[in-house]
Amino acid sequence: GLWGALTALSPQDWEQRQEEDTLLIERILLLVRNVLHVPPDPTEEQGVDGDASVHDRVLWALHISGMDDLLKFLASAQVEQQWALHVLEIISLMFRDQSPEELAALGQGTAGAEHGEDTRELESLRQRELAEKRARALQRPSRHSRFGGSYVLQGLKSIGDRDVVFHKGLHNLKSYTHDLGKEPRRVPRHRQA
C-alpha cells in the first residue's frame, strides 16, 4: 500500500506533490529505517551455515521491490536534499553487518575478474581483426602503376633538333597537339571576336 503509493508518483508528479505526499514519503523512509534498525537476535536466528540472515532477507526484499533504486534517486537528485539524512541512515544500516575491508575486497574481486575477462575478449577480437586484415592484403592484387611510359615520336620535331618525347599513354596519341598540357590563353571578353 505505502510502497505502491510512493512508486506511483512519477518524477514529474514529485515536483507538484502535496504536503500529504511529502509526509507519506517521510513515513515510508522512517519505516524502512526502523525495520533495518532492529538488532539481530542470535537465539532466534539459528539457521544452517550459509543461510541468509533476517537482515539479508529484508535487504533482498527491498531490492526486489525496487526500493534501492528509489533510495539512489533520492540520494542523487538535487531537489530531494531534504531526505539526505534519512537515506544516509538507511544506507549505513544496510551495510551494518559488513566491514569496509570485506566490501572493498569483494568489489575488487569482481571488478578484477570482469576486467581480466574484458581484456581477454578485447585481445581475441584484436587478433581476429589482424588475421582478417592479413587475409584481405593477400587477396588484394598488387597496385597498378599509373605511369604509362614515355615514347619518342620520330619525325615530329620539338624545340631544337630533337624528337618529341610523349609522356602520356599510347591511346592518347591520336589527340596529340603541341599545345597538350598547356593552359589555354584567356582572351578578355571585350577583345573576343
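Is Glu-123 buried, partly exposed or exposed, and at what relative accessibility? At 39% relative accessibility, Glu-123 counts as partly exposed, because that class lies between the limit of under 20% for buried and over 50% for exposed. The structure described here is a predicted model, and the report below begins with its overall make-up before turning to particular residues.

**Overall make-up**

The protein chain has 193 residues, and buried residues make up 18% of them. It contains 7 helices and 2 strands. Read from the N terminus on, the order of elements is α-α-α-α-α-α-α-β-β.

**Salt bridges**

Side chains of opposite charge can pair when their charged atoms come close. A search of the whole structure finds 3 salt bridges. They are set out in the following table.

| Salt bridge | Closest N to O distance |
|---|---|
| Glu-89 and Arg-33 | 3.4 Å |
| Asp-69 and Lys-72 | 3.5 Å |
| Arg-126 and Glu-123 | 3.3 Å |

The pair of Glu-89 and Arg-33 links distant parts of the chain: Glu-89 belongs to helix 6 and Arg-33 to helix 3 (residues 19-37), and the two are 56 residues apart. Glu-89 has a relative accessible area of 31% and is therefore partly exposed.

The bridge between Asp-69 and Lys-72 lies within one element. Both residues are in helix 5, and because they are 3 residues apart there, about one helical turn separates them. Asp-69 is partly exposed, with a relative accessible area of 46%, whereas Lys-72, at 54%, is exposed.

Arg-126 and Glu-123 are likewise 3 residues apart, in helix 7 (residues 100-139), so about one helical turn lies between them. Arg-126 counts as partly exposed at 46% relative accessibility, and Glu-123, the residue of the opening question, is partly exposed at 39%.

**The largest pocket**

The largest pocket has a volume of about 260 Å³. Its lining consists of 15 residues, and those nearest the centre are Leu-59, His-63, Asp-68, Met-94 and Phe-95. Helix 4 (54-65), helix 5 (67-76) and helix 6 (84-94) are the elements that each give two or more residues to this lining. Helix 4 supplies the largest share, with 5 residues. By character, the lining residues comprise 7 nonpolar, 3 polar and 5 charged.

Two of these helices have already appeared in the account of the salt bridges: helix 5 holds Asp-69 and Lys-72, and helix 6 holds Glu-89.

**A nonpolar surface patch**

Ile-91, Phe-95 and Leu-103 make a nonpolar surface patch of about 230 Å². Phe-95 is also among the residues nearest the centre of the largest pocket. Ile-91 lies in helix 6, the element that also contains Glu-89. With 31% relative accessibility, Ile-91 counts as partly exposed; this value also meets the requirement of over 30% for a residue to belong to a patch.

**The loop between the strands**

Which residue is placed in the loop between strand 1 (151-157) and strand 2 (163-166)? Ser-158 has its place there. At 30% relative accessibility, Ser-158 counts as partly exposed. Along the chain, Ser-158 and His-178 are 20 residues apart, and their C-alpha atoms are separated by 8.6 Å.

Methods:
Residues are numbered from 1 along each chain as its sequence is written. This is a predicted model: local features need pLDDT of at least 70, side-chain atom pairs count only at pLDDT 80 or more; totals for chains, interfaces and linings use all residues. Side-chain values use heavy atoms; hydrogens and water are left out. On a 1 Å grid over the protein atoms alone, a cavity is a set of points where a 1.4 Å probe fits but cannot get out, and a pocket is an open set with protein on both sides within 12 Å along at least five of seven lines; lining residues have an atom within 4 Å of a point. Grid points are joined across faces, edges and corners, and a volume is the space filled by probe spheres set on the points. Helices (H or I, at least four residues) and strands (E, at least two) are DSSP runs, numbered from the N terminus. Ala, Val, Leu, Ile, Met, Phe, Trp, Tyr, Cys and Pro count as nonpolar, Asp, Glu, Lys and Arg as charged, and the others, Gly among them, as polar. Patches are made of residues with over 30% relative accessible area and no salt bridge: like charges are joined within 9 Å, nonpolar side chains (Val, Leu, Ile, Met, Phe, Trp, Tyr) within 5 Å. Accessible areas come from the Shrake-Rupley method with a 1.4 Å probe; for residues, only the protein chains shown count as cover. A salt bridge is a side-chain nitrogen of Lys or Arg within 4 Å of a carboxyl oxygen of Asp or Glu. Buried means under 20% relative accessible area, exposed over 50%, partly exposed in between (1.4 Å probe, protein chains only).
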